[in-house]
Structure formats: structure tokens, C-alpha cells
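Open the model in your viewer and keep the selection panel at hand. The tour goes one selection at a time.

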Amino acid sequence: MGGLSMDEAFVQAPEHRPKPSITEADGIPVIDLSPLLDGGEAAVDALAAEVGRASREWGFFVVTRHGVPPGAVARAAEAQRAFFALPPERKAAVARSEAAPMGYYASEHTKNVRDWKEVFDLVPNQPSPPPADGDLVFDNKWPDDIPGFREAIEEYGEAVEELAFKLLELIARSLGLRPDRLHGFFKDDQTTFIRLNHYPPCPSPDLALGVGRHKDAGALTVLYQDDVGGLDVRRRSDGEWVRVRPVPHSFIINVGDIIQVWSNDRYESAEHRVAVNVEKERFSIPFFFNPASSTMVEPLEELVSEGSPARYNPYNWGDFFSTRKNSNFKKLDVENVQITHFRKN
Ligand code: OGA
Ligand code: NI
């Protein structure tokens with residue numbers, strides 16, 4: 001199934017292996033976004049406060065009544081299944097390369113251990129010519145043998161981008177900033193990308209992970225998951241791994257490293273991972289909402305003061321992003337670039 005076969009490249013060190021039983025967290029906040037559609041100013045402020053609390057305490061939350069049409073999600077999920085059901089040579093026809101990192105691949109490593117998954121990456125709303133970042137060209141490779149695939153994924157990307165901007169606004173409000181304070185970073189040349197994930201059934205779910213522990217490097221992630229479950233979040237209060245229970249018609253939101261830096265550590269990007277299982281394959285679709293590659297990421301000046309000085313030195317997002325993308329290709333002996341490298345002493 002999925003063309004993966006178990007070997008030592010997938011084996012996690014003992015301390016990182018999933019335990020046979022896992023807490024299903026009741027604690028991860030579920031937030032109803034309908035005040036955005038029909039609420040007054042006070043209701044939206046209350047909602048922003050809820051988003052702020054969740055971002056502070058968990059770095060993760062689930063949103064319902066978010067305005068993304070269920071049909072758009074269903075069509076994207078169907079397109080995703082159709083793609084991964086293709087025979088290997090047709091997936092290979094849209095494989096990514098080091099210089100053109102969008103497309104299919106099945107050999108990503110997280111922290112130098114191979115992930116039990118196959119993925120298809122693409123950029124939504126691709127401008128023409130495609131944005132180039134140094135030597136990298138972010139052009140989409142569309143499979144030509146699945147009718148409606150491109151339309152379904154593009155429709156999904158547009159709908160989820162709208163949601164991502166609403167969440168950005170709630171986060172800005174929750175930090176006491178102008179609602180559109182963060183929008184400028186995403187206006188031109190966003191480096192946002194969408195990933196279709198397929199986690200095939202795994203003969204050794206006690207040894208391997210679908211995605212090894214990591215934090216998302218970008219600003220915000222908006223994740224669709226199917227009803228199988230497997231996403232684990234590291235709980236801040238006690239460091240335990242807890243599973244995010246699938247909620248129908250919801251998205252899982254997590255703040256990434258960039259929001260951690262912008263907020264000067266008021267919000268923290270949480271560590272997470274994906275467990276796999278013997279019987280069931282699992283599908284998910286993260287939308288990685290990322291700013292323009294020219295963005296210098298640093299604590300927002302409104303959130304820095306004499307009493308609360310900046311905790312990070314500025315770094316260039318485009319450089320950070322392309323370094324990460326390259327290192328995911330192969331097993332390295334060194335840790336890849338992390339925001340902690342920019343932390344001031
Ligand atoms: C990721 C990720 C979670 C999932 O791709 O960065 O954390 O449930 N995915 O697939
Ligand atoms: Ni992630």
C-alpha cells in the first residue's frame with residue numbers, strides 16, 4: 001500500500017516512539033467562528049480573546065462554523081484520494097525536484113528520520129510567472145489524468161485562504177493590534193503552500209511516525225483531517241502527547257514559529273507529530289499560510305518595550321524557508337535551521 005516498505009530509515013529512537021495508548025485530549029479548545037458571520041463587534045472581540053487564550057495555552061485549536069463550504073472540502077478530499085490511488089509511475093510523473101520543490105514525493109525526513117507518508121505539494125493561486133526564491137521555482141505540477149483535480153484543489157485553496165485571513169485578523173485583535181496589522185506580510189508573493197498528505201497503513205506503528213515531532217515554521221496552519229485520527233500535540237502544561245480528536249466539518253489551526261516570533265513569545269508554536277496505524281490509511285491537507293519571502297521576521301514593535309525587549313533577532317523568511325525545504329530532502333547529520341537559532345540570549 002502506497003509503495004512504502006518498513007526499514008530502519010523509518011525507525012524512531014525509543015524516546016520518540018508513540019506509546020500504545022494515547023490520551024484523547026478534551027482540552028484542545030473547539031472554537032465556533034460564527035460570530036464572524038453574524039456577530040457584532042463585542043462578539044468578535046470575545047471570539048478574538050478565545051483565539052488568544054487557545055494560542056497561548058495550546059498553540060492549537062479546532063474551528064467549527066468557519067465558512068468554508070463543505071462541498072469544497074469534500075471535492076478536495078475526493079481529488080486527494082484519486083491522486084494517491086494512481087499507480088506509482090503516474091505519481092512519479094509529477095515528482096518534485098530539488099530546484100522545483102512542488103509536486104509528489106514520498107521520502108521526506110523530519111529530524112533525520114523518514115516519515116511514513118507520501119505527499120503532493122502545490123501553491124494556491126499561482127501567479128504567472130511562478131515566484132522564484134533564489135534557485136527554487138515554485139511552479140505547480142498538475143496530474144493530467146484526474147478530471148477536475150486542479151479545479152477542486154484551486155477552489156479549496158481559495159476558500160481556505162479566506163479563512164486564513166480571518167484567523168490572522170483574530171490573532172491581530174487578540175494581541176491588541178489593528179485587525180489588519182498582519183495582512184501586509186501576505187499581500188504580495190506569499191509563500192503559502194498546500195500539502196496533500198497520505199499516510200498508508202503501517203506494519204510497525206509502534207516504531208514509525210507519519211510525521212516526526214516538529215513545529216510548523218510558517219505563520220499559521222489550517223489543517224483538514226479525515227475521521228481516522230493520528231495527530232498528536234505536545235501539551236504545554238505537562239509535556240504529554242495528546243491526540244486531536246477528529247471533529248466533522250472542522251479545521252485544526254496551529255500557530256507557527258513566525259507568530260511566535262511576531263508575538264514575542266506571547267504565543268508559542270506547539271510541537272506535534274502524526275501517528276500511523278496498522279489497518280487504516282489516513283488523509284490530511286495542511287494549508288501552510290506563509291508570508292512573502294522578502295519578510296524580515298522579528299517581534300512586532302507594538303509588542304516590544306523597555307520592560308519586554310525583543311527576544312529574537314530579525315531573520316529573512318525566504319532564506320529560512322528554502323534552507324528548510326532543501327534539508328527535508330535528505331538525511332543529514334545536523335539539525336536543520338530553527339527559530340531558536342535567532343533567539344537573543
Ligand atoms: C504537517 C503536519 C499533520 C497531519 O504536515 O506539518 O503536521 O495531521 N501534518 O497530517
Ligand atoms: Ni506540522
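This is a predicted model. Start by selecting Ser269. Leaving out residues up to four places away in sequence, Ser269 touches Lys215, Asp216, Arg236, Val255, Gly256, Asp257 and Gln260. One of these deserves a distance label: the side chains of Ser269 and Asp257 are joined by a polar contact of 2.8 Å. Ser269 sits in the loop between helix 6 (257-262) and strand 16. Is Ser269 buried or exposed? Its relative accessibility is 0%, and the cut-off for buried is under 20%, so Ser269 counts as buried.

Next, select strand 16, residues 272-274, and stop at His272. His272 counts as buried because its relative accessibility is 6%. Show its contacts, again skipping neighbours within four places in sequence. The list holds Phe60, Gly212, Arg213, His214, Lys215, Asp216, Leu231, Asp232, Val233, Trp241 and Asn254. Asp216 is on this list and also touches Ser269. Now turn to the backbone: the oxygen of Ala270 lies 3.1 Å from a polar side-chain atom of His272.

For a long-range check, pick the C-alpha atoms of His272 and Gly71. They are 28 Å apart in space, with the two positions 201 residues apart in sequence.

Now bring up ligand 1. Which residues surround ligand 1? The shell consists of Asn197, Tyr199, His214, Asp216, Leu223, Leu231, His272, Val274, Arg282, Ser284, Pro286 and Phe288. By class, these are six nonpolar, four polar and two charged residues.

Label three distances to oxygen atoms of the ligand:

- Ser284: a polar side-chain atom at 2.6 Å.
- His272: a side-chain N or O atom at 3.0 Å.
- Asp216: a polar side-chain atom at 3.3 Å.

Switch on a surface. On its own, ligand 1 has 290 Å² of accessible area, and the protein covers 96% of that. Then colour by element. Strand 10 (193-199), strand 16 and strand 17 (282-289) each give two or more residues to the shell around ligand 1. Strand 17 gives the most, with four residues.

Last, select residues 190-291. UniProt lists this span as "domain: Fe2OG dioxygenase", in an unreviewed entry. How much of the span is helix, and how much strand? The helix share is 6% and the strand share 39%. Pick the C-alpha atoms at its two ends: they lie 5 Å apart.

Terms used: Residues numbered from 1 in each chain as written. Chains lettered and ligands numbered in written order. Predicted model: local features only at pLDDT ≥ 70, side-chain atom pairs only at ≥ 80, totals over all residues. Heavy atoms only, no water. Buried < 20%, exposed > 50% of the residue type's maximum accessible area, 1.4 Å probe, protein only. Contact = heavy atoms within 4.5 Å. Polar contact = N/O pair within 3.5 Å; in protein donor to acceptor, adjacent residues only side chain to side chain. UniProt positions renumbered as here; feature names shortened; annotations may be inferred. Near = heavy atom within 4 Å. Areas by Shrake-Rupley, 256 points an atom, 1.4 Å probe, with all protein chains shown as cover. Nonpolar A, V, L, I, M, F, W, Y, C, P; charged D, E, K, R; others polar.
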